Amino acid sequence: MSTLNISSARSAFPALTSNPTYVFADNAGGSQVAQPVIDRLTDYLINTNVQLGAGYAVSVASTRRAVGEATEGAKRLFGARSVDEVVFCASATMGLENLARGLEGDVCEGDEIVVTTEHEANVGPWKKLAARRGAVVKVWKASRMGDGGNPFALGLKVDELLPLITKKTRLVAFTACSNVLGSVVPVKEVVAALRADARKKGARKVEVAVDCVAYSPHRLIDVQEWDVDFAVFSFYKVYGPHISALYVRSEALHASTKPLVHHFLKMDDTASKLQPGGPGYELAYASTGAVEYLLSLTPFRDLRKTFDAIAEYEQSLLRPLLGFLCASEQRERGVRVVGEEKVDLSRVPTVSFVVVGKKPIRSRDIVRVFDQKGGIGIRYGHFYAYSLVKESLPDIDVDDGVVRISLVHYNTVEEVSRIIEILKEILAQ
């Protein structure tokens, strides 16, 4: 049984207490904001909203908050060794675009970059880098999982990645969790396998970039345990403000990246060299409230225990939703879950589906019924996994995409039941 007190967790979110009957089920697009985040945001703007780096007392306090405390919080969520390995950015896409620019001098013509068809934030910057430098892009595609007869049950397989690794491989970029398929990628095992294979094949230098945006609300990141060089996540998916954080391993900071900052700023030893212009300082400081909220969820004040409890509880949300969508009557109606259909810790409660067959229903029309009834927020589309939807899902209009119901730990089993009741009405048509 999960150790989470869901009533207590929900009480930390003003949006949930002021709208107690509304079901927020588009959390993969952005979570609600915890009260400690709001408190720190307003506190910063009221009491320390000055430029950083000066010697007067208010500036000293502002610098401590927006640089020291904020970076320490992001470091904890990454599991990084040092605050020098962490930098804030406006979004995951911006962070990885800056990283790709910083790596430009260390990527050569003919080098190979492996990407997926998942979240574009960790795909587009590398394709553009390859085009600028004459590198070659290879694609690790999601493929059919299992033999259950569902052509939409896709996932990433490490044995399909390794043939893409050669002595020319320079960088491998993939997601820790799919924001469409909902599947958790075993990052540590994937990285160990690809590094061993790259060594065997004589690769000069291979670095790994992991997109943790869809992973971080549900599981604890551990960049050291994973042995990755770069990682990114967004605080606004983790109960915080609209700001993201980028991790750059210390060795890569020194050996692989060039500064993007003004020429007179000496930042070669910190990830701030990849931040051409400061973040919103009030947002950086407010992000510490997300860490405080997560620590408060169990009596242990330990992030690993918090995320273990979150993962366990979220299975109780996933079980009835997948159970309904995968039932024989829904399958006969044409419902197909996009992603694996199993309920275990290799999956988060981000559930996508389509309705195909003799009586198909467009994804936008399913969502429209929810919108018209009111009280529940879900969404349809490709969710910036454009290539995945366009290239890997059979006969699906990429602009219509999939229906996605994305839940987090503050959702309840009762809310899932309400979602299912509306789905029953729609599918009975």
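## Burial cut-off

Buried means under 20% relative accessible area, and exposed means over 50%, with partly exposed in between. This model is predicted. Glu104 has a relative accessibility of 16%, so Glu104 counts as buried.

## Salt bridges with accessibility values

Side chains of opposite charge can pair when their charged atoms come close. The predicted model holds 32 salt bridges. One of them joins Arg101 to Glu104. The closest N and O atoms of this pair are 3.6 Å apart. Glu104 is the buried partner, at 16%. Arg101 sits at 40% relative accessibility, so Arg101 counts as partly exposed. The bridge thus links a partly exposed arginine to a buried glutamate.

A second pair is Glu292 and Arg301. Here the closest N and O atoms lie 2.9 Å apart. Glu292 has a relative accessible area of 26% and is partly exposed. Arg301 is partly exposed too, with a value of 44%.

Glu340 and Lys342 also form a salt bridge, with 3.7 Å between the closest N and O atoms. Lys342 has a relative accessibility of 38%, which means that Lys342 is partly exposed.

## A linked network

Which residues are linked in a network of salt bridges? The members are Asp106, Arg170, Lys205 and Glu207. Two carry acidic side chains, Asp106 and Glu207, and the network also takes in Arg170 and Lys205.

## Largest cavity

How many cavities of 30 Å³ or more does the structure hold? There are three. The largest contains about 70 Å³ of space.

Its lining includes Asn27 and Ala28. Val213, Ala214, Pro217 and His218 also line this cavity. Lys237, Thr350, Ser406 and Val408 complete the list. By class, the lining has five nonpolar, four polar and one charged residues. Lys237 is the charged one. Among the polar residues are Asn27, His218, Thr350 and Ser406.

## Second largest cavity

The second largest cavity holds about 40 Å³ of space. Leu77, Ser216, Arg219 and Leu220 are among its lining residues. Ile221, Phe233, Val238 and Phe307 line this cavity as well.

What is the class make-up of this lining? It has six nonpolar, one polar and one charged residues. Arg219 is the charged residue, and Ser216 is the polar one. The nonpolar residues include Leu77, Phe233 and Phe307.

Conventions
Residues are numbered from 1 along each chain as its sequence is written. This is a predicted model: local features need pLDDT of at least 70, side-chain atom pairs count only at pLDDT 80 or more; totals for chains, interfaces and linings use all residues. Side-chain values use heavy atoms; hydrogens and water are left out. A salt bridge is a side-chain nitrogen of Lys or Arg within 4 Å of a carboxyl oxygen of Asp or Glu. Buried means under 20% relative accessible area, exposed over 50%, partly exposed in between (1.4 Å probe, protein chains only). On a 1 Å grid over the protein atoms alone, a cavity is a set of points where a 1.4 Å probe fits but cannot get out, and a pocket is an open set with protein on both sides within 12 Å along at least five of seven lines; lining residues have an atom within 4 Å of a point. Grid points are joined across faces, edges and corners, and a volume is the space filled by probe spheres set on the points.
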